Amino acid sequence: MAVMANPRLIGVLERYGAEDVTKCYHCGNCSATCPFSQEPFLFPRKSMRYLQMGLEERLKGNLEPWLCYYCGECTEQCPRGAEPGETMMSMRRWLIGQYDWTGLARLFSRSAFAEIAFVLVIALLTGAGFLAWGFTRGASLVDYQGFIPAADMHVFDLFLGLLFVGLVVTNALRMWWLTMRGERAPSAGPWLYLKHLLLLPTHFLTQRRYGECSEKTPWVLHMIMALSYLTMLALVALFLHRLQDETWQWPVHVAGYLASIGLLTGTAYALSGRLRRRRTALKHSHRTDWVFLLMLVYIVVTGIVQHVLHRLGLGGAANIAYLLHMMGVVPWMIRFPFSKWAHMAYRPLAFYFSHIQADAMRERSAAGAAVAAQPTV
Amino acid sequence: MMDSVRIGVYFCWRGTSSADCVNPKELVGYAQRQPGVCLVRDLGLHPPLSPKAYQKEIRAKGLTRIVVAGDSPGYYKPTFTTAMMEAGGDPGEVRLASFREHGAEAGGTLRAKAVLACAVRGVPYGLAAVPATTPVHPDTLVIGGGVAGIQVALEIADAGKRVHLVERTGTIGGHMAMFDKTFPTLDCAACILTPKMVSAGQHENITLWTLSEVLGVSGHPGAFRVTLRKKARHVDIATCVACHACEDVCPVRVPSEFDNGIANRKAIYTPFPQAVPNAYLIDAEHCTYIISDGKKCGACVKKCLKECIHFDEQDETVELEVGNIVVATGYDVFDARRIERYGYGALPNVLTALEFERLTNAAGPTGGRIVMKTLKQNRRTKEDEWVFDPEGPQPASVAIVHCVGSRDNNHNPWCSRVCCMYSLKFAHLVKEKLPQARVYEYYIDMRTFGKGYEQFFERIKEEGVFVVRGRSAKVTAQNGGMTIRGEDIVGDHVQEFPVDMVLLAVGLQPAEGTGELAKTLGIGRDEDGWFHELDYNLDPTGTERGGVHLAGVCQGPKDIPDTVAQASAVAARVLRSIVSGRGRESRDSVSLAAIEERARELAATL
């Protein structure tokens with residue numbers, strides 16, 4: 001089948017943060033330097049090549065951007081200043097847009113206005129909705145449990161969670177379709193899917209591969225942040241009534257405090273890193289990076305304030321803080337599957353898929369001719 | 001005529017060094033006062049590259065000529081050509097005022113004004129700014145005794161004119177004398193160079209000034225006064241017969257510069273047996289007698305039958321009068337230590353190109369046997385050292401890494417031109433001496449651009465060398481040996497395998513002291529540090545300062561054939577000025593008013 005080339009592909013990727021892609025002269029230094037670049041997934045040079053040639057379809061089915069953790073080695077050593085690391089980063093942003101069937105991810109990455117307007121409109125709708133809901137029931141704003149009852153919130157949270165999961169799962173399915181069922185993907189039987197299944201949860205929880213980078217601090221903080229986030233998500237979705245109970249519920253509360261501290265530490269580290277451009281990977285920050293970090297800080301801080309006010313017995317103030325908190329949470333949760341944070345799902349999946357593909361390719365080449373071990377002459 | 005001409009001047013700056021040497025405001029004012037100019041715009045550092053940004057204005061003003069002014073303004077020319085065409089003007093009427101290229105770095109705002117005046121009138125600067133002629137002293141100074149300097153000196157001397165050949169080290173010959181073979185003919189480098197060295201040494205018209213450096217130059221083209229510092233050699237060249245009796249008794253051992261540190265020499269030594277002048281010299285920095293103020297050693301003096309060793313000899317200052325100066329100072333190689341991941345300096349069997357040249361040279365420390373370094377105890381210091389032992393083990397696999405320090409924005413962005421070919425030559429030499437060895441060439445692009453070079457490449461491939469397209473990323477120590485890792489782009493593999501020896505094809509860079517010499521001579525250097533020629537295409541040997549000429553690599557990387565050709569061209573230039581008795585003044589001597597006047601005259605005839 002003919003291969004379609006999109007000559008404007010670099011221009012498209014530039015809107016996602018790619019820079020200087022055309023400078024690359026394919027010396028292969030980056031792929032040889034990369035600690036993760038192993039056959040059959042050699043990157044970033046090949047991805048740079050696809051980009052230069054405008055092979056859009058091939059890039060869509062490319063797992064390699066997800067296997068890169070942007071340690072920055074390739075960019076530091078690049079003799080041309082072609083920023084291969086940043087290109088991989090921009091490809092991840094672009095791929096999130098490609099996996100997303102709603103088109104919102106593409107819109108948000110490209111347009112600051114659309115992103116901020118979306119967040120603000122959802123926030124205002126949420127605020128207005130909660131107020132309308134409380135007042136129509138005749139509840140008093142001063143009554144903490146009365147105005148926003150935990151039981152009703154629980155149902156709302158579950159609904160929100162369902163929406164969130166639905167979006168993530170459908171996008172993940174599209175990712176599977178593009179990467180595993182693409183023209184160039186080797187066909188893999190169910191046994192291979194089963195064989196590597198354990199990779200998904202372990203990688204999801206530990207981000208094991210990130211830990212293989214030479215610098216460990218970013219990985220540790222990333223894991224703290226991810227685990228805190230998951231803890232918080234579980235607490236709110238499953239134990240909301242216990243969290244908001246008037247009595248001291250030490251298992252959920254201690255877990256909640258730890259998660260809050262973890263989230264604050266993680267975001268503070270990420271923000272300061274981006275502000276100070278601490279590593280090569282943090283030299284370029286896309287707008288969406290900032291919006292998300294700032295939203296997370298907002299949500300954590302309003303959450304803590306809400307909790308403190310509640311414990312102090314200031315029901316009215318706590319309710320207002322809670323309202324402000326929810327005005328951050330709802331847009332965040334809806335925005336999440338279209339954002340860079342969707343990597344939470346895509347990275348473990350890509351790691352899982354890459355193992356399946358590698359095995360499938362090995363099977364295929366074992367069946368066919370043996371691979372020449374010697375370098376080409 | 002000027003009424004019908006409507007000129008727009010656009011200043012596009014590029015943040016280069018000459019931009020600091022000119023005053024943009026003054027230039028804008030000057031441009032506005034030029035005849036026919038009806039629009040001047042200073043576009044700053046980041047002019048829009050879209051022609052649309054200018055079209056409207058060009059049409060509205062009805063411009064018939066556009067002058068793009070700045071450093072390397074050719075970069076913006078396509079933009080303005082398109083804009084001019086879209087606006088209905090003549091796209092051929094986009095003129096460039098290239099400040100840096102015409103020496104604004106040295107000449108400042110005044111030079112930039114002159115360049116601008118010519119562009120506005122549509123006249124090439126070179127035609128309008130013609131310096132006056134001066135009478136010429138018949139002697140010539142050649143700085144640098146490598147193959148370029150020797151060639152220039154011989155050409156001029158053979159024509160019957162006097163030449164002073166100045167060389168910083170103790171012998172002429174330069175880098176070429178160190179090489180084993182030349183590419184692509186595989187001639188023995190010493191066999192073709194040493195006869196020339198001897199001719200230069202014995203020529204009645206050539207005065208050799210070894211161990212000498214140019215301290216200062218005064219005067220003007222045609223009549224320069226040059227001050228040389230002649231360092232004390234401590235051995236009388238006229239009486240020394242190079243019998244090596246002194247060397248035999250000298251107790252000091254230091255790494256030999258000529259052998260690039262892979263072998264030792266004494267404190268009294270000749271750089272190599274065919275050195276010219278063929279006399280010993282004393283390295284004052286290491287000689288025990290000199291360091292101890294005559295309290296210790298002195299063994300060589302007692303042994304010297306010719307009594308030609310003079311420890312009391314002092315540095316001298318020499319004054320010369322010459323009419324022309326030829327700069328042929330050559331290059332230094334890139335310091336491979338700067339790229340740590342190749343392990344040079346840390347891993348014993350990672351060698352630079354020049355080290356390998358000496359290793360494979362039949363006159364080198366191993367007699368041309370290609371061996372790996374072995375750990376041996378130094379008898380004096382009792383420490384283990386990695387040394388080349390002629391009986392040492394021979395490598396079974398050799399990797400050659402191209403573009404070390406070249407074509408790399410982190411180091412030297414330019415292509416050094418010779419490394420691809422000398423790397424292929426190395427592959428051949430290894431294959432010739434060790435047919436069983438596996439040889440890998442890691443290259444980015446194979447630049448075999450000269451006569452017979454591509455055929456040489458084909459021949460190397462037929463010899464069974466593995467030519468891998470891809471830049472090797474790192475060399476690491478493993479199990480007492482080394483592994484090299486790199487991507488094979490054509491074969492789509494990342495390779496990592498053990499090798500016994502790694503050769504780094506280090507690039508060329510301007511020689512140490514190039515900056516000071518440029519200042520002394522009053523000539524410019526380009527962005528990369530090489531001396532700046534007057535015109536890249538049509539005057540590659542001339543400089544801004546009339547009477548100062550360039551030959552060889554000091555003007556830009558080139559191989560031996562090109563160096564020799566350029567050297568002969570310089571000789572012709574020098575002889576022309578001597579024979580005609582008219583040298584060319586430097587362009588600084590032409591006043592702005594004279595250039596404007598001349599440009600006006602020329603414009604009228606065009």
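1. B:Arg471 is a good place to start: this arginine is buried, at a relative accessible area of 1% (buried is under 20%, exposed over 50%, partly exposed in between, with a 1.4 Å probe and protein chains only). B:Arg471 sits in the loop between β23 (466-469) and β24 (472-478) of chain B; helices here are DSSP runs of H or I with at least four residues, strands are runs of E with at least two, and both are numbered from the N terminus. The side chain of B:Arg471 makes a polar contact of 2.9 Å with that of A:Asn29, and another of 3.0 Å with the side chain of B:Asp408. A polar contact is a pair of N or O atoms within 3.5 Å; within protein, one must be able to donate a hydrogen and the other to accept it, and residues adjacent in sequence count only if both atoms are side-chain atoms.

2. A word on the model before going on. This is a predicted model, where local features need pLDDT of at least 70 and side-chain atom pairs count only at pLDDT 80 or more, while totals for chains, interfaces and linings use all residues. Residues are numbered from 1 along each chain as its sequence is written, chains are lettered from A and ligands numbered from 1 in the order in which they are written, and side-chain values use heavy atoms, with hydrogens and water left out.

3. Two other chain B loop residues have backbone angles to check. B:Arg407 has a phi near 50°, a positive value in a residue other than glycine; B:Arg407 lies in the loop between β21 (397-404) and α13 (419-433) of chain B and counts as buried at 9% relative accessibility. B:Asp293, with phi near 55°, is also a non-glycine residue with a positive value. The loop holding B:Asp293 runs between α10 (288-291) and α11 (299-303) of chain B, and B:Asp293 is exposed at 65%.

4. In chain A, look at the loop between α2 (29-33) and α3 (45-53), where A:Pro40 is found. The peptide bond from A:Glu39 to A:Pro40 is cis, with omega near 5°. A:Pro44 belongs to the loop between α2 and α3 as well, and the bond leading to A:Pro44 from A:Phe43 is cis too, with omega near 5°.

5. Is A:Lys60 buried or exposed? This lysine of helix α4 (residues 56-60) of chain A counts as buried, at 17% relative accessibility. Setting aside neighbours within four places in sequence, A:Lys60 is in contact with A:Trp94, A:Leu95, A:Gln98, A:Tyr99, A:Leu178 and A:Thr179 (contact means heavy atoms within 4.5 Å).

6. Helix α9 of chain A, residues 112-136, has 25 residues and reaches 36 Å between its first and last C-alpha, close to the 36 Å expected at 1.5 Å a residue; the expected span is 1.5 Å times one less than the number of residues. At the start of α9(A), a side-chain oxygen of A:Ser111 comes to within 3.4 Å of the backbone nitrogen of A:Phe113. Buried residues of α9(A) include A:Phe118, A:Val119, A:Ile122 and A:Phe130, and the cover over the buried set includes α8 (104-110), α10 (144-147), α11 (150-180), α17 and α18 (315-335) of chain A. Just after α9(A), A:Gly138 has a positive phi of about 80°.

7. Helix α16(A) has 27 residues, which should span 39 Å at 1.5 Å a residue, and its end C-alpha atoms are 38 Å apart, which agrees. Among its buried residues are A:His253, A:Leu263, A:Leu271 and A:Arg274, with cover that includes α14, α15 and α17 of chain A. Just after α16(A), A:Arg277 takes a positive phi of about 50°.

8. Now for the empty space. The whole structure has seven cavities of 30 Å³ or more, and the largest has a volume of about 880 Å³. Of the 40 residues lining the largest cavity, A:Tyr210, A:His222, A:Arg274, A:Lys340 and A:His343 are the closest to its centre. α14(A) gives the largest share of that lining, six residues. On a 1 Å grid over the protein atoms alone, a cavity is a set of points where a 1.4 Å probe fits but cannot get out, and lining residues have an atom within 4 Å of a point; a volume is the space filled by probe spheres set on the points, which are joined across faces, edges and corners.

Terms used. On a 1 Å grid over the protein atoms alone, a cavity is a set of points where a 1.4 Å probe fits but cannot get out, and a pocket is an open set with protein on both sides within 12 Å along at least five of seven lines; lining residues have an atom within 4 Å of a point.
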